[in-house]
Amino acid sequence: MHRMSRHALLSTALACAALAAQAQSSQGAANPAAVATPPAAEAAPQAPAPNPAAEKALAQRFQALLAAFEGKAAVPDAKTFTEDFNKQVTADQMKQVFNDVHQSVGSCKVGAQMTSPTPYITSYLLQCDKAYVPMDIGIEEKAPYRVHSLLIRPGYWKK
């Protein structure tokens, strides 16, 4: 029980970092002209143009985090994450979350992937020995495509 409580606390820290970084990036990207846009135009947002470099970077960032989660690699260094993310979560905290979750659910592999309508954010469902664990990752829209959000949700236990 203690492990799950600590996991929940550290997962909440990761979630808070993700939300804070996402909110701050949204504020920084605000366009005053967009505020004056009529409601009809806001109702039909256009999908961003494909960015193969960003898609490749997102996949690479996820693979590096999954390898760290599995204990097959070190947690990526601070340069992989935005400054806002690094202010919220340290590498040691992230390593502790990864260790706690991995000990609780066992080895994992990707079971499913869902691309979000929000650009540069992808959700994964990890199929682990004891549970299914949802994980979301988001990166910056422009190079160097650092991770601005990472959320490991509570697992769905297998019976």
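Student: Is Tyr145 buried or exposed?

Tutor: Buried means under 20% relative accessible area. Tyr145 has 12% relative accessibility, so Tyr145 counts as buried. Keep in mind that this is a predicted model.

Student: Where is the place of Tyr145?

Tutor: Tyr145 sits in the loop between S3 and S4.

Student: What is the phi of Tyr145?

Tutor: Start with the general idea. Most residues other than glycine have a negative phi, and most peptide bonds are trans. Now the case here. Tyr145 has phi near 55°, a positive value in a residue other than glycine.

Student: Which peptide bond is cis?

Tutor: The bond from Ala143 to Pro144 is cis, with omega near 20°. Pro144 lies in the loop between strand S3 (131-139) and strand S4 (147-152).

Student: How many helices and strands does the protein chain have?

Tutor: The protein chain has 6 helices and 5 strands. From the N terminus on, the order is α-α-α-α-α-α-β-β-β-β-β.

Student: What share of the contacts with a separation of 6 or more joins residues 24 or more positions apart?

Tutor: A contact means heavy atoms within 4.5 Å. In the protein chain, pairs 24 or more positions apart account for 56% of the contacts with a separation of 6 or more.

Student: What about burial and surface for the whole chain?

Tutor: Of the 159 residues in the protein chain, 37% are buried. The accessible surface of the protein chain is about 9,500 Å². Carbon and sulfur atoms hold 57% of that surface.

Methods: Residues numbered from 1 in each chain as written. Predicted model: local features only at pLDDT ≥ 70, side-chain atom pairs only at ≥ 80, totals over all residues. Heavy atoms only, no water. Helix = DSSP H or I, 4+ residues; strand = E, 2+ residues; numbered from the N terminus. Buried < 20%, exposed > 50% of the residue type's maximum accessible area, 1.4 Å probe, protein only. Areas by Shrake-Rupley, 256 points an atom, 1.4 Å probe, with all protein chains shown as cover.
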